[in-house]
Amino acid sequence: MIRYIAGALVLIVLSISAVDSRTLGDDVLKLPSEVSNFIHGSSSSDNDDDAVGTRWAVLIAGSNGYYNYRHQADVCHAYQTLKNGGLKDENIIVFMYDDIAFDEQNPRPGVIINNPLGQDVYAGVPKDYTGENVNVNNFFAVLLGNKTDLTGGSGKVVNSGPDDHIFVYYTDHGGPGVLGMPTYPNMYAYDLIDVLKKKHASGTYKSFVFYLEACESGSIFEGLLPKGLNIYATTASNAVESSWGYYCPGEYPSLPSEYDTCLGDLYSIAWLEDSDLHNLRTESLKQQYKVVKERTINKDLPYGSHVMEYGNSELSVQHLYMYMGTNPSNDNMSFVEDNSLPINSMAVNQRDADLIHFWHKFRRAPEGSPKKMKAQKQFLDMMSHRMHIDNSIPLIGKLLFGFEKGAEVLKSVRPSGEPLVDDWECLKTMVRTYETQCGSLSQYGMKHMRSLANICNAGISKEMMAEASAQACVTIPTGSWSSLHRGLSA
Ligand SMILES: *[C@@H]1O[C@H](CO)[C@@H](O)[C@H](O)[C@H]1NC(C)=O
Ligand SMILES: *[C@@H]1O[C@H](CO)[C@@H](O)[C@H](O)[C@H]1NC(C)=O
């Protein structure tokens, strides 16, 4: 086993250094100062934006842990962008675990940055829902404006009316049909869509925009989000691919040397940095979608993903101003197709960002130090957890469907436009059954959600799944990632 892990470690190191050696293009930031005169004096652009109605925003980071620094950094940055845009604190509701700024590993205590050259984005962020209060139940209660359903937190909810505009931004790990939460259970697509339907039925918004960053995030809306809800959603990736961490250790542009964790995510910083640059009265949702799509595909896959749009795309002609306001100091920065951000540099697969973090910690710790031992253990724990998950799921497939057909059934992807699974309760049952026998899927294991969905789609019963899982996993591995101390994830 140890030898196997050492082999895997060598492979990982090789792939990391392969990533290191890639070079970037020479695109540069182009500011539109020369177009400012042309723009100045034009006011035709903002007359479709709200004369009435309040802008509401819900921002949520679904992770915790210093190795997931980037998700909370994205959310803090989003808060600053909206605040600069003129939204009021009473209308911005923030969910973040809040364990980053003062983590002992943070080289700048009390400061969070979302860009290598970036300013602090942590100061002033409202701590509406932190720690254990970042959970699905509170998130849904906030969206629905239902105070009686809250447990803990500031009590702020989206208390919106029929003329209002709502913007929701989520960032974290995910998997097909599921989004991570720092406190279990995770959020399932079907339940989220159900809440959006209820919100719509309550008649408490005019239009609604949802920006979503997670692996396989397209699967959250694919075949599920009806156009009639008047919601426009964009996602960091399609239903079958990873999303990407960005501003990561060892990549270009390089981080301040004291950082060993990714500072942002590619789709997230693409929309945030674009919004920070422009007069948002002049930029439509559709234009931002295109800019973000181009940046997030990152020229040459596989170091990028396909940004997708779902729901009512007619809303995308609206200006960003309707949801984000606009920073008065950008008044002369009108959006034109060519003044957007650079497309360059390296991203790290969302699911490998933690490995890179632990690897950097290991590499940088003094030889023979307790720190080095600890970092090595963290890295090896992560690797062995991954191997356990990546081995046990396919084995269950073989036990259920036969040696030949197992992989084929587990890996099959439904045609685009169809949801991942028909019976979402079955999917949750399969997750619980697996975890009871084999240990926690944890954030990495969300990757295999499609296999579990396909087990449901094939009509396998809970009892058959329990039997196959028991055969595949004799015991629950002892490492912290497999441990069920946080409960079942579904
Ligand atoms: C709010 O939540 C409570 C508790 O779950 C529930 O009983 C009530 O029906 C909800 N109210 C609305 C308006 O949805
Ligand atoms: C925008 O340009 C006008 C005219 O050049 C100038 O008077 C104004 O101060 C500028 N606004 C900002 C925010 O830079």
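Trainee: What order do the strands take in the open sheet with β10, β9 and β12?

Mentor: The order is β10-β9-β12, and the pairing in that sheet of 3 strands is antiparallel. Keep in mind that this is a predicted model.

Trainee: Which strands are at the edges there?

Mentor: β10, residues 264–265, and β12, residues 347–349, are the edge strands, and each pairs on one side only.

Trainee: How many bridges link β9 and β12?

Mentor: β9, which covers residues 244–246, pairs with β12 over 3 bridges in the antiparallel sense. For a landmark, look at W244, whose bridge partner in β12 is N349.

Trainee: What holds strands like that together, in general?

Mentor: Backbone hydrogen bonds: strands of a sheet pair through them, either parallel or antiparallel.

Trainee: OK, zooming out. How many helices and strands does the protein have?

Mentor: The secondary structure comes to 16 helices and 12 strands. The protein has 490 residues, and buried ones make up 50% of them.

Trainee: And what share of the contacts join residues at least 24 apart?

Mentor: That share is 76%, counted among contacts between residues at least 6 apart in sequence.

Trainee: Switching to β7. Is it mostly covered or mostly open?

Mentor: Mostly covered. β7 runs over residues 207–213, and 7 of its 7 residues are buried.

Trainee: Which residues are on which side?

Mentor: S207, V209, Y211 and E213 are on one side, with F208, F210 and L212 on the other, and all of these are buried. That covers both faces of β7.

Trainee: Which strands does β7 pair with, and in what sense?

Mentor: β3, residues 165–171, pairs with β7 in the parallel sense over 7 bridges. β8, residues 231–235, also pairs with β7 in the parallel sense, over 5 bridges. You can trace a path through V209: V209 is the bridge partner of F167, and in β8 the bridge partner of V209 is Y232.

Trainee: What about β1 and β2, parallel or antiparallel?

Mentor: Parallel, over 4 bridges. I60 stands opposite F95 in β2. Between the two strands the chain goes through helix α3, residues 69–85, and this β-α-β crossover is right-handed.

Trainee: Which β2 residues are buried on each face?

Mentor: I92 and V94 on one side, I93 and F95 on the other, so to speak a covered strand on both faces.

Trainee: Which elements does α4 pack against?

Mentor: The buried residues of α4 pack against β1 (55–61), β2 (92–95) and α5 (189–201). Those buried residues of α4, which spans 136–144, include N138, F139, F140, A141, V142 and L143.

Trainee: What happens just after α4?

Mentor: G145 takes a positive phi there, of about 70 degrees.

Trainee: Which residues surround ligand 1?

Mentor: L144, N146, T148 and D149. That shell divides into 1 nonpolar, 2 polar and 1 charged residue.

Trainee: New topic. Where does UniProt put the active site?

Mentor: The UniProt record, an unreviewed entry, places the feature "active site" at H173 and C215. They are spread over 43 residues of sequence but cluster in space, with a largest C-alpha distance of 6.0 Å.

Trainee: Where does H173 lie, and what is it in contact with?

Mentor: H173 lies in the loop between β3 and β4. Leaving aside neighbours within four places in sequence, H173 is in contact with G62, S63, G180, A214, C215, Q350, Q443 and M446.

Trainee: Why does H173 count as buried?

Mentor: Because H173 has 28 other C-beta atoms within 10 Å, and the cut-off for buried is 20 or more.

Trainee: And C215, where is that one?

Mentor: C215 is in the loop between β7 and α6 (218–221). C215 counts as buried because it has 29 C-beta neighbours inside 10 Å. Leaving aside neighbours within four places in sequence, its contacts include H173, G174, G175, S237 and Q350. Q350 is also on the contact list of H173.

Trainee: Last one: β4 starts after that H173 loop, so which sheet is β4 in?

Mentor: β4 is in an open sheet of 3 strands, ordered β4-β5-β6, with antiparallel pairing. The edge strands are β4 (174–175) and β6 (187–188). β5, residues 178–179, pairs with β6 over 2 bridges, and L179 stands opposite M187 in β6.

Note on methods:
Residues are numbered from 1 along each chain as its sequence is written. Chains are lettered from A and ligands numbered from 1 in the order in which they are written. This is a predicted model: local features need pLDDT of at least 70, side-chain atom pairs count only at pLDDT 80 or more; totals for chains, interfaces and linings use all residues. Two strands pair if DSSP finds at least two bridges between them. A residue is near a molecule or strand if its C-beta atom, placed from the backbone, lies within 6 Å of it. Ala, Val, Leu, Ile, Met, Phe, Trp, Tyr, Cys and Pro count as nonpolar, Asp, Glu, Lys and Arg as charged, and the others, Gly among them, as polar. A residue is buried if 20 or more other C-beta atoms lie within 10 Å of its own, exposed if 12 or fewer, and partly exposed in between; C-beta atoms are placed from the backbone. Two residues are in contact if their C-beta atoms, placed from the backbone, lie within 7 Å. A crossover is right-handed if, with the strands pointing away from the viewer, the path from the first strand over the helix to the second runs clockwise. UniProt positions are given in the numbering used here, feature names are shortened, and annotations may be inferred rather than shown by experiment.
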